[in-house]
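Q: I am new to this structure and would be grateful for a close look at a single part of it. Please describe the surroundings of the bound ligand, and then follow the strands and loops connected with that part.

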Amino acid sequence: MSDKPKEPTLLTPGPLTTSASVKSAMLRDWGSRDAAFTSMDASIRQRLLAIADAEQSHVCVPLQGSGTFAVEAALGTLVPPDGKVLVLVNGAYGTRMVKICAAIGRAHAVYETEEDEPHDPAELGRRLAGDPAITHVAAIHCETTSGILNPIEAIAECTSEAGRALIIDAMSAFGALPLDLRALPADAVVASANKCLEGAPGVGFAIVRRAAIEGAAGNAPSLSLDLHDQWSAMERTGQWRFTPPTHLLAALDQALKEHAAEGGAPGRLARYRDNCRILVDGLRGLGLETLLPDHLQAPIIVTVHNPGDPAFDFRRFYDAVATRGFLIYPGKLTKAPSFRVGCIGRLGAPEMRGALKAIEAALDELGVARRGRKTG
Ligand SMILES: *Cc1c(COP(=O)(O)O)cnc(C)c1O
């Protein structure tokens, strides 16, 4: 018998629960200048492009760091110093892009909606028409703050009709929600290894329209976050400029094999949809109230209103669920007190049912009355 405690199941949208085979892919050392590594790296970049149907039009530029590093690199590299970004905000990740623009000195405007309200493409069109200085629109595909699905196809169409470039933070959507760059006009899509691709955290990437990256030399206010420099060095040498996260890339290589074996993005989306359905129905069955109506809910992460019963305390609730083997997320909404439960990662129906049992037992342990579970 092993004395190793059982790993918790992560109901968090990245880091998330990965497969045993993805974890064991990290148990080997790689020479970063060796052909075995560089060919694995090239194949990863190619497969990431294929997931977005972007092999003909775009290039894939990977970057060390969490997803935010790649978002900051994309904004700093693609928006020239005299450009201006219209940032679409309905949660913390949109707000983070506003902070990035301020930190790197890019002029910006904000179109903000409520955290449970998607952006209106017609309003976007009016704002673009009203401010000719705007060169780029930055939008979030699935805003992980709430789990809301923004209308990315309509946003892309509207941005393109207005003759502006689009940068999409698709961090929590890439690899599951449909994204076809042959049909959807976008200069860049940014994501990371550790969300719907089910890899380990620490590496992100941008999928950038070839003409956009070619024209971006000298824009970036940073060396390590210069995607043009990273891309041109990779094109010239086939190698990363600086020490690559070799083990994380080996994990991503394995994760991409498992993604393909599951049927690519459509297969993964189907599993996440099932997970989300079980979770939302189960939570409602426990008397809890979800933030979003079903038509706005992406099958990524579910935001739940804290029960109105004063017996509810998030810290104690978290611990009581964790003791039963499941880690959930605190809420990130600015207005309503809430918590979040993810449905992505190497999880299926048994894990979602297990999580619901743990949540039910935790509510009972805290003495939260069933009829007091709706927000008061
Ligand atoms: C996870 C995530 C990011 C990146 O967050 P990191 O903590 O830097 O990995 C950015 N945008 C969205 C929408 C995300 O879900």
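A: The following account begins at the ligand and then turns to the strands, the loops and the cysteines. The model is predicted.

Twelve names make up the surroundings of the ligand: Ser66, Gly67, Thr68, Tyr93, Arg96, Ile140, Cys142, Thr144, Asp169, Met171, Ser172 and Lys195. Sorted by class, this shell contains 4 nonpolar, 5 polar and 3 charged residues. Two helices, H3 (67-78) and H4 (92-103), each contribute at least two residues to the shell.

Several side chains of the shell approach oxygen atoms of the ligand. In the side chain of Thr144, an N or O atom is 2.4 Å from a ligand oxygen. For Lys195, the distance between a side-chain N or O atom and an oxygen atom of the ligand is 2.7 Å. Arg96 has a polar side-chain atom that lies 3.5 Å from an oxygen atom of the ligand. Taken alone, the ligand exposes 380 Å², and the protein buries 87% of that area.

Two residues of the shell, Ile140 and Asp169, also lead into the strands. Asp169 is the bridge partner of Ile140 in strand S8. Strand S5 (residues 136-140) and S8 pair in the parallel sense, over 5 bridges. Strand S8 itself spans residues 165-169, and 5 of its 5 residues are buried. Its side chains are divided between two directions: Ala165, Ile167 and Asp169 point one way, Leu166 and Ile168 point the other way, and all are buried. Asp169 therefore counts among the buried residues, the limit being under 20% relative accessible area, and the ligand is among its neighbours.

From S8 the description passes to strand S9. These two strands run parallel and are joined by 3 bridges. Within this pairing, Ile167 stands opposite Ala188 in S9. Strand S9 (residues 188-192) is in turn paired with S10, here in the antiparallel sense and over 5 bridges. Ser192 is the residue that stands opposite Gly204 in S10.

Strand S10 covers residues 203-209, and 6 of its 7 residues are buried. Besides S9, strand S10 has strand S2 (residues 58-64) as an antiparallel partner, over 7 bridges. His58 has Arg209 of S10 as its bridge partner.

The loops beside these strands also hold particular features. Glu198 is located in the loop between S9 and S10. Although Glu198 is not a glycine, its phi is positive, at about 65 degrees. Glu198 counts as buried, with a relative accessibility of 3%. A second residue of this kind is Asp53, which is not a glycine but has a positive phi of about 50 degrees. Asp53 belongs to the loop between helix H2 (35-51) and S2. The relative accessible area of Asp53 is 26%, so this residue is partly exposed.

A further loop lies between strand S6 (142-143) and strand S7 (148-149), and Ser146 is placed in it. Ser146 is buried, with a relative accessible area of 0%. In sequence, Ser146 and Phe339 are 193 residues apart, but their C-alpha atoms are 9.6 Å apart in space. Another loop, between strand S1 (9-10) and helix H1 (20-24), contains Pro15. The peptide bond from Gly14 to Pro15 is cis, with omega near 5 degrees.

Cys142, already named in the shell around the ligand, brings the account to the cysteines. The number of disulfides in the structure is 0. Cys158 is in no disulfide, and the nearest cysteine sulfur, that of Cys101, is 18 Å away. Cys158 is also buried, at a relative accessible area of 13%. For Cys276, the closest cysteine sulfur belongs to Cys343; the distance is 4.1 Å, which is too far for a bond. A disulfide would require the two sulfur atoms to be within 2.5 Å. Cys276 is buried as well, with a relative accessible area of 7%.

In summary, the part examined here consists of a ligand of which the protein buries 87% of the exposed area. Its shell includes Ile140 and Asp169, and these two residues are bridge partners.

Methods
Residues are numbered from 1 along each chain as its sequence is written. This is a predicted model: local features need pLDDT of at least 70, side-chain atom pairs count only at pLDDT 80 or more; totals for chains, interfaces and linings use all residues. Side-chain values use heavy atoms; hydrogens and water are left out. Buried means under 20% relative accessible area, exposed over 50%, partly exposed in between (1.4 Å probe, protein chains only). Helices (H or I, at least four residues) and strands (E, at least two) are DSSP runs, numbered from the N terminus. Two strands pair if DSSP finds at least two bridges between them. A residue is near a molecule or strand if one of its heavy atoms lies within 4 Å of it. A polar contact is a pair of N or O atoms within 3.5 Å; within protein, one must be able to donate a hydrogen and the other to accept it, and residues adjacent in sequence count only if both atoms are side-chain atoms. Accessible areas come from the Shrake-Rupley method with a 1.4 Å probe; for residues, only the protein chains shown count as cover. Ala, Val, Leu, Ile, Met, Phe, Trp, Tyr, Cys and Pro count as nonpolar, Asp, Glu, Lys and Arg as charged, and the others, Gly among them, as polar.
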